[in-house]
Amino acid sequence: MRAQAQTSGASSNDVEDLKQTVRELTLRVSALEEELHQGRSTTAVPVPTTAVATLRPIAMPMPSVGIRSSVESVSSSSAASAAQPAPTTSAATAVTMPTQTSGTQTTPIISAIPTQLPGGATLNYTFDGYYDYDFEHPIGRVQYLRAYDVLSNAFSINQADVIFDLDPDVAAGRRYGVRLDLQFGQATETLQGNPSNEVRPEIYRNIFQAYGTYVVPVGKGLTVDFGKWASSLGIEGNYTKDQVNYSRSFFFDYLPFYHAGVRASYKVNDKLTANYWLVNGTDQSEPTNSFKDELFGFVAQPTKNISWTVNYYFGQDHPDVAPATNCPAPVQPGLCLAPINPAPNGRQHIFDSYVTWNATPKLAFSIEGDYLISREWAKAAPGESSAPEHVDGGAAYVRYQLTPKTALGGRTEYMSDRDGLFSGTSQALKEFTGTYEYKFGEGFLSRVEYRRDWSNVPFFLTNKPGVLSPNQPTLTLGLVWWVGGKQGAW
């Protein structure tokens with residue numbers, strides 16, 4: 001009754017003033033909502049003159065404090081609601097944005113790990129680890145003739161990599177590119193840990209690849225690389241996610257891992273690409289002699305389902321210097337060297353070929369053949385030998401995609417190492433590998449693998465000192481994570 005008395009006691013002018021105030025505030029809120037829906041939440045945009053006239057408050061008697069507070073609270077809640085995006089009808093496109101508050105600006109959510117860089121460059125990351133069980137329980141848990149899965153009964157980091165890649169884009173006017181692969185873990189020691197190949201291996205140990213590219217405007221394009229790159233001798237590569245099996249073959253372990261120098265690739269037509277290299281040597285960032293090795297090869301694709309690579313490599317990798325400690329003059333660190341006189345000058349020839357046939361979208365077959373011949377001396381003098389030493393053999397692969405997440409892979413291999421160039425023992429080596437793959441999602445896969453190596457002589461370690469076995473059976477679980485902007489094989 002008291003409230004009614006107060007209301008009835010208000011003059012007609014006050015009521016009209018209050019109604020006018022509410023109308024003006026309603027118009028102002030409507031205009032603010034329109035502005036916010038037009039994307040004016042963070043950027044000041046000039047307001048049309050008519051809108052300014054509408055929004056400009058007019059002089060009027062102010063209502064009581066209680067009524068004013070109520071109206072302001074309604075206006076504030078309406079503005080806050082207007083700051084929210086309009087709901088969408090499709091759940092697939094609905095996005096929840098953080099609510100704006102006074103004095104702050106909404107910041108777009110960005111990826112915690114950068115993968116795409118300005119200009120088309122990508123950053124790529126991978127982690128590769130494994131647990132291996134050797135049924136022979138070798139002393140020291142060491143597995144012979146394994147490139148990457150070198151330890152048994154141990155949780156091991158195979159490799160962790162960061163890759164920067166900028167490919168040339170001739171269509172966009174960029175003829176240059178650059179590639180850098182940084183690598184850490186057990187694989188790094190395998191790839192670049194042999195002082196017989198490298199004068200200063202510690203300098204380049206974590207740089208798996210580093211080269212610049214330029215596409216010369218000749219014909220369909222002559223691609224030239226300068227620097228250090230992964231060898232294409234042999235079908236297998238460094239990154240596990242791009243291989244059929246988790247472990248690597250004998251031939252991957254024996255053939256060169258990388259080269260440093262200059263290489264050129266010319267696309268003759270849509271079915272044939274020719275390759276030429278001029279490099280320091282096999283697995284040499286810095287040369288151990290003055291001879292420059294060469295590769296001649298081609299990649300043919302007679303049909304869309306068949307790819308055939310042929311390589312001939314010609315080199316001379318015997319060092320003509322040895323480390324010394326008595327250099328009289330200042331030299332670069334690690335480059336105190338003494339000449340070997342006379343230095344062996346025998347040549348090395350590698351014939352390498354592999355072909356892949358995608359029989360169906362789910363089934364693929366590959367086969368590789370290799371023949372290597374090496375001599376210590378080109379022309380034998382008294383007390384020297386120019387007798388050839390050989391390594392030859394090959395491998396066959398099959399992969400079947402069972403489901404989008406699961407696949408089966410197999411490899412069988414034979415290597416004749418009758419002169420001990422690979423293993424240090426004259427023997428015939430064989431291996432079979434069966435792999436089951438499960439991909440949890442793009443960027444994370446697991447592989448369970450059974451492998452059996454065997455020789456025609458006792459060679460592999462056992463748990464008894466001095467007792468060797470002709471077999472090396474293992475069971476491995478490999479886990480690989482990767483993320484990056486580069487599509488396809490790395």
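What share of the 490 residues in the protein is buried? In this predicted model, buried residues make up 35% of the 490 residues, and the legends below describe selected close-up views.

**Figure 1. Overview of the secondary structure and contacts of the predicted model.** The secondary structure of the protein comes to 7 helices and 20 strands. Among the contacts in the protein with a separation of 6 or more, 61% are accounted for by residues 24 or more positions apart.

**Figure 2. The largest nonpolar core, which has 20 residues.** The residues with the most contacts inside this core are L145, M415, F422 and L429. At least two residues of the core are supplied by each of helix 7, spanning residues 250-254, and strand 7, spanning residues 272-279, and the largest share, 3 residues, comes from helix 7. In soluble globular proteins, nonpolar side chains tend to be buried together.

**Figure 3. The surroundings of L429, with a second core lying apart from the largest one.** When residues up to four places away in sequence are not counted, L429 touches L145, F250, E413, Y414, M415, F422, W454, S455 and F460. Of these partners, L145, M415 and F422 are also listed, together with L429 itself, among the residues with the most contacts inside the largest nonpolar core. Apart from that core lies another, of 16 residues, and its members include Y148, I163, Y246 and L445.

**Figure 4. The second largest pocket and its lining.** About 780 Å³ of space lies in this pocket, and 33 residues line it, of which N194, N197, Y254, T282 and D283 lie nearest its centre. Two or more lining residues are given by each of helix 5 (186-191), helix 7 and strand 13 (363-374), and helix 5 gives the most, with 3 residues. By residue class, the lining of the second largest pocket divides into 10 nonpolar, 14 polar and 9 charged residues. Helix 7 thus appears in two of these views, as an element that supplies residues to the largest nonpolar core and as an element that gives residues to the lining of the second largest pocket.

**Figure 5. The buried arginine R447 and its link to a backbone oxygen.** R447 lies in strand 17, which covers residues 444-455. Why is R447 classed as buried? R447 counts as buried because its relative accessible area is 1%, whereas the cut-off for this class is under 20%. From this position in strand 17, the side chain of R447 reaches the backbone oxygen of N245 at 3.2 Å.

**Figure 6. A396 in strand 14 and its partners.** A396 is placed in strand 14, residues 389-401, and counts as partly exposed because its relative accessibility is 29%. Although A396 and E368 are 28 residues apart along the chain, their C-alpha atoms are separated by 6.4 Å. Not counting residues up to four places away in sequence, A396 touches S366, I367, G410, R411 and T412.

**Figure 7. L408 in strand 15 and its partners.** The place of L408 is in strand 15, made up of residues 406-417, where its relative accessibility of 40% makes L408 count as partly exposed. L408 and Y436, 28 residues apart in sequence, are 4.9 Å apart in space from C-alpha to C-alpha. Leaving aside neighbours within four places in sequence, L408 is in contact with V398, R399, Y400, L402, T435 and Y436.

**Figure 8. The cis peptide bond between N341 and P342.** The bond that joins N341 and P342 is cis, with omega at about 0°. P342 is placed in the loop between strand 11 (337-339) and strand 12 (348-358). Most residues other than glycine have a negative phi, and most peptide bonds are trans.

**Figure 9. H137 and R141, two residues with positive phi in the loop between strand 1 and strand 2.** H137 lies in the loop between strand 1 (122-134) and strand 2 (154-166), and its phi is near 50°, a positive value in a residue other than glycine. R141, placed in the loop between strand 1 and strand 2, has a positive phi of about 60° although R141 is not a glycine. H137 counts as partly exposed at 41% relative accessibility, and R141 counts as partly exposed at 43%.

Key: Residues are numbered from 1 along each chain as its sequence is written. This is a predicted model: local features need pLDDT of at least 70, side-chain atom pairs count only at pLDDT 80 or more; totals for chains, interfaces and linings use all residues. Side-chain values use heavy atoms; hydrogens and water are left out. A nonpolar core is a set of buried Ala, Val, Leu, Ile, Met, Phe, Trp, Tyr and Cys residues joined through side-chain atoms within 4.5 Å. Buried means under 20% relative accessible area, exposed over 50%, partly exposed in between (1.4 Å probe, protein chains only). Helices (H or I, at least four residues) and strands (E, at least two) are DSSP runs, numbered from the N terminus. Contact means heavy atoms within 4.5 Å. On a 1 Å grid over the protein atoms alone, a cavity is a set of points where a 1.4 Å probe fits but cannot get out, and a pocket is an open set with protein on both sides within 12 Å along at least five of seven lines; lining residues have an atom within 4 Å of a point. Grid points are joined across faces, edges and corners, and a volume is the space filled by probe spheres set on the points. Ala, Val, Leu, Ile, Met, Phe, Trp, Tyr, Cys and Pro count as nonpolar, Asp, Glu, Lys and Arg as charged, and the others, Gly among them, as polar. A polar contact is a pair of N or O atoms within 3.5 Å; within protein, one must be able to donate a hydrogen and the other to accept it, and residues adjacent in sequence count only if both atoms are side-chain atoms.
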